[in-house]
Amino acid sequence: MCDHLFVAMATISPAPGSMKENRTAHPYHMYDAIRLQPALIAGLLRTHRAEIDRAADAAAARQRLIFAGIGTSGHAAQLGGYFLRLLTAGGLAPLFEQSFELVNYPLALGPGDALIATSHRGWKNFSVEAVRRAKAAGALTIAITGEGGGEGIRAADFVFPTCEQEISFAHTKSYTAALAVLASLALRIAEQRNLLSDAAAARAALERIPDAITSVFASEPQARSAAKAIAARQRLIFVGAGPNSITAREAALKVKETSYVAAEGFETEEFLHG
């Protein structure tokens, strides 16, 4: 599961409203966020374990599971659904809905549904409205969001704060932290539905993620060398299959957010198809 957690090596100016300095040279704020990921994820999995299990138990009792988000949060939500599909060998096939689409081209929601919404800042209008409408319809609502964000999404039945609001506009540690919470939710839901063959092994794999991310840091010299060659190109194309097709789109988004370079992410076969 670790290879689905995207790590980028770039940054951008501080988030709106931040009083922190705007760095113009390495190490950038995003670099600091990357380095903080292992400790943050380990802390989240340890601190929120009991509450995540409670939320997952409630979701497992619902007939339909819907993951929602926009942008990077949308990619996290897509991977959350993919984790559940993967852990259950397709026994569960949750829906993913982009929050704008869910609000403007709505599904008929009801008490048999659970909406799991991801929003880094917690104030994006359509994610907040999706939670509000789902809750009004009697659906279970679970929100994964940053600390100190908007109050709207915090009206969800369960709220999991990931980390303080990031200084870099390109969300990094809040993305992988959200993925850790989503993976933990998916694991417990699969277990409660009796669709997980080896829960102990899956949980052990999840708990190894912080160490696995730390080990990736050893490849920083190679990443810097590759980045120098890549930086000379005018357009970047990322490809991947399965859950890594989502990572490819997230990688392209990070490049656009941080470097204003044309970048696209594709599922491998779609790329080959043209």
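Which helix holds both E220 and R224, and how many residues apart are they? Both sit in helix α9, four residues apart, or about one turn of the helix. That pair turns up again in one of the close-ups below, which show a predicted model.

**View A. The main nonpolar core, with helix α6 as its biggest contributor.** The largest nonpolar core counts 50 residues. If you're looking for the residues with the most contacts inside this core, go to L84, I142, I144, F160, L185 and I189. Helix α6, running over residues 173-192, puts in 13 residues, the most of any element. There's also a second, separate core of 14 residues, with A68, L102, A130 and A156 among its members.

**View B. I144 and its surroundings.** Here we zoom in on I144, one of the residues with the most contacts inside the largest core. Skip the neighbours within four places in sequence, and I144 still touches I116, A117, T118, S119, F160, T162, A178, V181, L182 and L185. Two of the residues on that contact list, F160 and L185, are also named with I144 among those with the most contacts inside the core.

**View C. L115, a buried residue of strand β3.** The strand in this close-up spans residues 113-119, and L115 is part of it. L115 has a relative accessible area of just 3%; buried means under 20%, so L115 counts as buried. What's packed against it? Leaving out residues up to four places away in sequence, L115 touches I66, A68, L102, A130, V131, A134, L140, T141 and I142. Three of the residues L115 touches, A68, L102 and A130, are named in the second core. F67 is worth a look too: F67 and L115 are 48 residues apart in sequence, yet their C-alpha atoms are 5.9 Å apart in space.

**View D. S127, a buried serine in helix α5.** Helix α5 covers residues 125-136, and S127 belongs to it. With a relative accessible area of 2%, S127 falls under the 20% cut-off and so is buried. Setting aside its neighbours within four places in sequence, you'll find S127 in contact with G69, I70, S99, T118 and S119.

**View E. Helix α8 and its buried side.** This helix runs over residues 209-216, with I209, P210 and I213 buried. Those three cover an arc of only 100° around the axis, so they end up on the same side of α8. As for what covers the buried residues of α8, the list includes α1 (29-47) and α7 (199-207).

**View F. A salt bridge between helices α1 and α9.** A search of the whole structure turns up 15 salt bridges. In one of them R35 pairs with E220, and their closest N and O atoms are 2.5 Å apart. The bridge ties together distant parts of the chain: R35 is in helix α1 and E220 in helix α9 (residues 220-230), with their positions 185 residues apart. R35 is partly exposed, at a relative accessible area of 37%, whereas E220 is buried, at 12%. E220 also meets R224 in a salt bridge, at 3.1 Å from N to O. R224 counts as partly exposed, with 39% relative accessibility.

**View G. Salt bridges around helix α2.** R49 and D53 both lie in this helix (residues 49-60), four residues apart, about one turn of the helix. Their side chains meet in a salt bridge, 3.3 Å from N to O. The two partners don't share the same level of cover: R49 is partly exposed at 31% relative accessibility, while D53 is buried at 11%. Widen the view and you get a network of salt bridges that links R49, D53, D57 and R188.

**View H. A nonpolar patch on the surface.** I237, V239, F266, F271 and L272 together make a nonpolar surface patch of about 430 Å². The elements giving two or more residues to this patch are β6 (235-240) and α11 (268-273). V239 is the one to pick out in strand β6. At 43% relative accessibility, V239 counts as partly exposed.

Terms used
Residues are numbered from 1 along each chain as its sequence is written. This is a predicted model: local features need pLDDT of at least 70, side-chain atom pairs count only at pLDDT 80 or more; totals for chains, interfaces and linings use all residues. Side-chain values use heavy atoms; hydrogens and water are left out. A nonpolar core is a set of buried Ala, Val, Leu, Ile, Met, Phe, Trp, Tyr and Cys residues joined through side-chain atoms within 4.5 Å. Buried means under 20% relative accessible area, exposed over 50%, partly exposed in between (1.4 Å probe, protein chains only). Contact means heavy atoms within 4.5 Å. Patches are made of residues with over 30% relative accessible area and no salt bridge: like charges are joined within 9 Å, nonpolar side chains (Val, Leu, Ile, Met, Phe, Trp, Tyr) within 5 Å. Accessible areas come from the Shrake-Rupley method with a 1.4 Å probe; for residues, only the protein chains shown count as cover. A salt bridge is a side-chain nitrogen of Lys or Arg within 4 Å of a carboxyl oxygen of Asp or Glu. The arc is that of the directions from the helix axis to the C-beta atoms.
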